[in-house]
Structures are given as C-alpha cells and as structure tokens.
Amino acid sequence: MIRTGPTALVLAAVLVVTSCKPKDSFHVQVVTVDGKPVSSARLSVGFDRVFTGTTDDDGFVYVPNWASGDTAVVTKTNFRSMRAEISPDAQVTLTPMPESLRLVGMAEGNAVLFGPETLATVTSDGHYRVYTYSDTRITEVATLQLPQPVRHQCVFGDTLWYATYDSGMYAYSLSNRLNPVKLMHVDIGGVLDPFVVIDTFIVMSNVSSAGTLRIFSYGPDGSTELVSSFDSLMAGQVAVVSHYVVALGLHDMPVIYDIADIRNPRQVYHGIQPQYWSGFLCDNRVVMNGFDTLSGRDTSCYGVVDLTDPSHPVQTGPFPTDSWLDDILNDSMAVGEYNLFGISILRGTITGGFHSVALVQAEPNFHGYPLQGFHPPYYVLFGSLWKLVSPGTE
C-alpha cells in the first residue's frame with residue numbers, strides 16, 4: 001500500500017494545474033462583486049494580434065504573455081461589460097445588471113409577426129417559420145420555403161412584403177400565419193432597396209438607384225406603374241408620415257417630400273446634420289446618432305427631429321445613452337448595441353436619456369443583425385428568444 005502525505009497531494013495538485021497551463025501564458029480571474037468566480041465570461045484583448053478566451057468554472061482564463069499590460073474587454077450575459085488592464089494573476093470584477101434576460105430557446109430569422117405566444121420569422125434565404133412560445137420553451141410549428149431569398153421585408157397590415165435581389169417583390173397574406181398565401185409577384189426590375197408600402201403604392205429608397213427616389217403603383221395582379229421619380233441625395237431609409245415621404249441619408253436627415261399630389265412630389269424640408277451620421281424613424285420622430293461632443297468614453301448622444309408637422313420639423317436633444325440605439329420601443333424603453341459589445345435593453349426617456357438594464361453577450365459566430373424582433377418582455381436577439389425579467393418577478 002502506498003501512502004500519500006499532504007506534501008505529495010499539494011505537489012500533485014500543482015502538477016495538474018501546471019499541465020493545463022498553455023505555454024507562454026498567464027491567468028486572469030473574473031469574479032463578482034462579492035468575490036465569487038464568474039464562468040463563461042469572455043475576455044478579448046489585442047488589435048493587430050487578437051486573443052479571445054472564456055473563463056472556466058473557477059472564473060479563470062489563460063491569456064498569452066504578449067497581452068500583459070494591455071486593456072481587455074470582459075463580457076458576460078446579464079453583467080455590465082467592462083474594460084480592464086490585465087497582468088499575471090489579475091482579478092477582474094463584473095457587476096450584475098439590474099435586470100436580466102433569460103434564455104427561452106433558439107429562433108431563426110427576423111420577426112415579421114410577434115404577438116402573445118406566437119412568433120413568425122423570415123430568414124435571408126427565404127425560410128418562413130412559425131413558433132409558439134412560453135416562458136420556458138419555444139417550438140417550431142410551421143415552415144414554408146419562399147420562392148426567392150429575402151433582401152428587405154416589411155409587414156403592412158397582415159401582408160408580408162419582401163424584396164428579392166433581382167427578381168422583384170412578393171406579397172404574402174399572413175391572415176392565417178400557419179398557412180401564408182401568395183398574393184402577388186410585383187415585377188420591379190433591378191436591385192431593390194429598402195421600401196415602404198402605403199395603400200396601393202410602393203415607395204422605394206435609392207441606395208443603388210443613382211439618386212432617384214421612386215414611387216410605384218401596383219395592381220392585384222402584380223402589375224406596376226412608375227408613378228413618380230424624383231432626385232434626392234442617397235437615402236438608406238424611407239418612411240411615410242401622413243402624406244409626406246421622409247428620407248434619411250448620410251448627414252442629410254431628414255429630407256421630406258409632400259406627396260399629396262403623388263405624381264408631383266414636392267420637397268418641403270432638407271435637414272443638414274453634420275454632427276449626426278445615421279438615424280431611424282420612431283413614430284413621428286427621427287432619432288439621429290453620431291453626436292459626440294457631450295459623450296463620455298462609453299456614451300452615445302442622440303438628436304431628435306419631431307415630425308408632428310412634417311412640413312415644419314422641430315429639432316431637440318441631444319440625449320445620452322450607453323448603447324447605439326436600434327429602436328425606441330415606447331416612452332420608457334429602448335433596445336441597442338451596447339458600446340462594450342452585446343445588445344442591451346434600456347430604460348429611460350427620450351428627453352433625459354436611456355441606460356442599459358439588461359444585456360446579452362455578443363455571439364461571435366452569429367451572422368446578421370443582432371436585434372431580430374421584440375414583443376416586450378420578449379426579445380429575439382442573436383438568433384434566440386429571451387425574456388426580460390425584473391428583480392422579484394418571473
């Protein structure tokens with residue numbers, strides 16, 4: 001019988017740890033504010049040379065020696081991401097977010113219908129799927145392969161419209177979401193840009209159409225007529241407010257056209273925003289991103305153009321956030337891409353600013369737009385359905 005004394009046990013433990021240690025590396029530990037290890041936290045460091053690693057069950061991750069003294073970004077779902085200078089045996093403390101996002105399950109595609117217990121999505125390769133969901137599970141219940149890949153899509157009433165890459169547009173009735181019915185194929189030639197549908201008209205932006213916004217009429221058989229085209233600076237987004245087309249370009253936000261006489265659009269406003277470089281429409285407001293004069297290191301500032309009277313816009317702001325906003329959901333909630341990686345749910349106001357209350361760590365292998373749909377408290381983020389949970393609630 002071989003007896004093992006305390007010294008031998010310690011030596012054996014050291015040998016096990018040493019054998020797991022990669023060559024030319026040091027370890028960093030990630031812990032909570034009360035010192036508990038954080039597993040599955042992601043540490044990223046480097047610029048020309050990049051290292052990304054994930055902590056083990058004891059909160060440790062081994063980092064190459066060349067990264068000693070560099071600043072790393074440390075992220076973990078439902079914790080506030082942070083920057084930290086790392087060195088051998090360094091400890092990084094992560095703070096929990098005030099609310100949390102709880103994973104329900106996988107959900108492929110961008111939401112086209114999202115209501116209580118039912119979610120319908122479309123993927124870029126043209127797969128339409130219907131899911132039912134609860135607090136604890138999500139189940140695919142129907143699927144349909146659409147005729148062509150999807151370039152852009154929108155839902156007008158209960159009709160799904162989508163633009164292809166070079167084969168026109170399609171319209172499907174979703175009145176029975178389990179059995180979509182093809183209504184028409186709209187034959188519009190060329191590469192199609194983002195669009196909006198109003199009544200029997202399609203307003204097409206001009207990312208790839210040589211500076212011309214176009215309005216088409218369409219019939220129930222899919223026939224089209226070019227009703228009007230008018231010069232505009234390149235606009236990546238278009239929307240319609242009352243009888244006005246609102247176009248958003250690079251620094252040109254918004255450019256507004258009166259289409260009361262739809263065959264003779266008339267420009268009524270052209271905003272020049274040298275301090276802002278992108279924006280999105282939220283109800284009757286344009287929210288503009290890019291203003292940095294008042295920004296902190298991890299803060300963004302947004303301007304607002306009120307379109308209550310589209311012919312006489314009123315500009316306000318800026319207001320601060322800690323994320324790049326993707327959408328403002330209502331008067332007190334927003335969703336955005338967190339400035340230190342991941343996507344966040346925010347609370348606040350459009351006058352006082354928004355702050356992140358829950359966060360999902362970015363998925364490095366996810367291809368597509370991280371925000372794929374929302375029906376609070378449920379969100380489709382990075383290809384999965386999540387539920388926002390506040391302290392003391394389920």
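This passage walks through the salt bridges of a predicted model, then turns to a small set of strands and one buried threonine.

Charged pairs come up first. Side chains of opposite charge can pair when their charged atoms come close. Here the count comes to seven salt bridges. One of them links D322 and R80, whose closest N and O atoms sit 3.8 Å apart. D322 is found in the loop between β29 (314-321) and β30 (323-328), while R80 belongs to strand β6 (residues 79-80), so this pair ties together parts of the chain that are 242 residues apart in sequence. The two partners don't share the same kind of surroundings: D322 counts as buried because its relative accessibility is 15%, under the 20% cut-off, whereas R80, at 28%, counts as partly exposed.

A second bridge runs between D135 and K387, with 3.1 Å between the closest N and O atoms. D135 sits in the loop between β12 (127-133) and β13 (138-145), and K387 is part of strand β36 (residues 384-389), so the pair ties together parts that are 252 residues apart in sequence. In this case the acidic residue, D135, is partly exposed at 31% relative accessibility, and the lysine, K387, is buried at 6%.

D258 also takes part in a salt bridge: its partner is R266, and the closest N and O atoms are 3.2 Å apart. With a relative accessible area of 11%, D258 is buried. Beyond these pairs, E108, R129 and E140 are joined into one network by salt bridges that share partners.

Back to R80 and its strand. β6 belongs to an open sheet of four strands, arranged in the order β4-β1-β8-β6 with mixed pairing. β4 (60-64) and β6 are the edge strands, each pairing on one side only. For β6, the link to strand β8 (residues 91-96) consists of two bridges, and these two strands run antiparallel. Within β8, T95 is the bridge partner of R80. R80 therefore has a bridge partner in β8 as well as a salt bridge that ties β6 to the loop holding D322.

A little earlier in the chain is T75, which lies in strand β5 (residues 71-75). T75 is buried, its relative accessible area being 5%. What does T75 contact, leaving aside neighbours within four places in sequence? The contacts are A41, R42, S81, L340, F341 and Q361.

Key
Residues numbered from 1 in each chain as written. Predicted model: local features only at pLDDT ≥ 70, side-chain atom pairs only at ≥ 80, totals over all residues. Heavy atoms only, no water. Buried < 20%, exposed > 50% of the residue type's maximum accessible area, 1.4 Å probe, protein only. Contact = heavy atoms within 4.5 Å. Salt bridge = Lys/Arg side-chain N within 4 Å of Asp/Glu carboxyl O. Pairing = 2+ DSSP bridges.
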